[in-house]
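Hi everyone, thanks for coming along. I'd like to walk you through one structure today, and I'll take it slowly for those of you who are new to this. Have a look at it first.

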Amino acid sequence: MKPKLSYTIWFSQRTGSTLLCQALESTGVAGVPREWFNCPPDLLTTFKKADHAELQEYLFKLGTTDNGIFAINHSFYEPHFSQLIETLRKLPACPSEPINRTELWEQVFPNHRHIFMTRRNKIRLAVSWWRAIQSGEWHIPSGELRKPVDLSNAYSFDAINHLYMECSMREAGIGEFFAEGNITPLNIFYEDFVQNYEGTIHTILDYLELDSSSAAIAPPALIKTADVVSEEWVQRFREERQENWTNKGW
């Protein structure tokens, strides 16, 4: 069954998108926003479907709530995205004539809205990303007993600097995608979200033209991974990245 409304949450790593998606899913009315495409881009093979019509039906079933809202949580990196686009071109919902990427996305996923999940402080983003890679702690469920992780020798200026640049390039790619379709997305900032958890969910529901007043929102399912080590790395990287600069930004 074709959804009546769909939306994508576009994100780069460590912006709180998983927490946001779990909160939206908990309402039961905002689709099931998960990383459905965080897999090999040949979706026909990945999901073991006979043809693209069956694949399309399966995707809609995965991400749609009973009220007809379909949702995706998706990052952006190449060549994965270009390969994914070629797979989506083969779905029945996509017209045969050549179109740009944004038009294709909105043809395949009907009545589409775009949400951009970002984080203002890219240094903290990069540090969080590197810490997760080193510790294996990508998400910590609320109430879970946290096991100590030895990160005493895990700091790497080069690694954090790479991730600092990579997150900017990924967001630039998302920005180009929006520009192709003259899209003005709903911007959600991590820093605001963690300060106003329920208010952010209500804002999104209103943007989707759903009834936000009666929506039941589950408490945060995850807690912050940042700790004393994270802060030490942030300050160390901040100083090293601007070493010998005459005019420092921070």
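Let me begin with a small puzzle: is Arg-34 buried, partly exposed or exposed? It is partly exposed, because its relative accessible area is 42%, and that falls between the cut-offs of 20% for buried and 50% for exposed. Please keep in mind that this is a predicted model.

So who is the partner of Arg-34? Arg-34 makes a salt bridge with Glu-25, and the closest N and O atoms of the two are 2.7 Å apart. Glu-25 is partly exposed too, with a relative accessible area of 26%.

Let's step back and take in the whole chain. You can find ten helices and six strands in it. The C-alpha trace spans about 55 × 40 × 35 Å along its principal axes. For a compact globule of 250 residues we would expect a radius of gyration near 18 Å, and the chain has 19 Å, so the two agree. Of those 250 residues, 49% count as buried. The accessible surface is about 12,700 Å², and carbon and sulfur atoms hold 50% of that.

Here is a number I like. Take the contacts in the chain with a separation of 6 or more: 75% of them are between residues 24 or more positions apart.

Now, back to salt bridges. How many does the structure hold? There are twelve. One of them joins the side chains of Asp-192 and Arg-120, at 2.9 Å from N to O. Asp-192 sits in helix 8, residues 190-195, while Arg-120 is in the loop between strand 3 and helix 6, so this pair ties together parts that are 72 residues apart in sequence. Both ends are partly exposed: Asp-192 has 37% relative accessibility, and Arg-120 has 46%. Elsewhere, Arg-131, Glu-137 and Asp-227 are linked in a network of salt bridges.

Next, please find Arg-238, which is in helix 10, residues 228-241. With a relative accessible area of 17%, Arg-238 falls under the 20% cut-off, so this arginine counts as buried. What does Arg-238 touch, apart from its neighbours within four places in sequence? The answer is Ile-123 and Trp-250. The side chain of Arg-238 also reaches the backbone oxygen of Trp-250, at 3.1 Å. On top of that, Arg-238 forms a salt bridge with Glu-239, where the closest N and O atoms are 3.7 Å apart.

Last stop: helix 7, which runs over residues 157-180. Its 24 residues should span 34 Å at 1.5 Å a residue, and the end C-alpha atoms are 35 Å apart, so that agrees. Which residues of helix 7 are buried? Among them are Ile-160, Leu-163, Cys-167, Arg-170, Ile-174, Phe-177 and Phe-178. A handy thing to remember is that an α-helix has 3.6 residues a turn, so residues three or four places apart point the same way. Try tracing that on the screen for yourselves.

And what do the buried residues of helix 7 pack against? Their partners are strand 1, helix 4, helix 5, strand 3, helix 6 and helix 10. Just after helix 7 comes Asn-182, which takes a positive phi of about 50°.

That's my tour. Thanks for listening, and do ask me anything!

Notes. Residues are numbered from 1 along each chain as its sequence is written. This is a predicted model: local features need pLDDT of at least 70, side-chain atom pairs count only at pLDDT 80 or more; totals for chains, interfaces and linings use all residues. Side-chain values use heavy atoms; hydrogens and water are left out. Helices (H or I, at least four residues) and strands (E, at least two) are DSSP runs, numbered from the N terminus. Buried means under 20% relative accessible area, exposed over 50%, partly exposed in between (1.4 Å probe, protein chains only). A polar contact is a pair of N or O atoms within 3.5 Å; within protein, one must be able to donate a hydrogen and the other to accept it, and residues adjacent in sequence count only if both atoms are side-chain atoms. Contact means heavy atoms within 4.5 Å. A salt bridge is a side-chain nitrogen of Lys or Arg within 4 Å of a carboxyl oxygen of Asp or Glu. The radius of gyration is taken over C-alpha atoms; the globule rule is 2.2 Å times the number of residues to the power 0.38. Accessible areas come from the Shrake-Rupley method with a 1.4 Å probe; for residues, only the protein chains shown count as cover. The expected span of a helix is 1.5 Å times one less than its number of residues.
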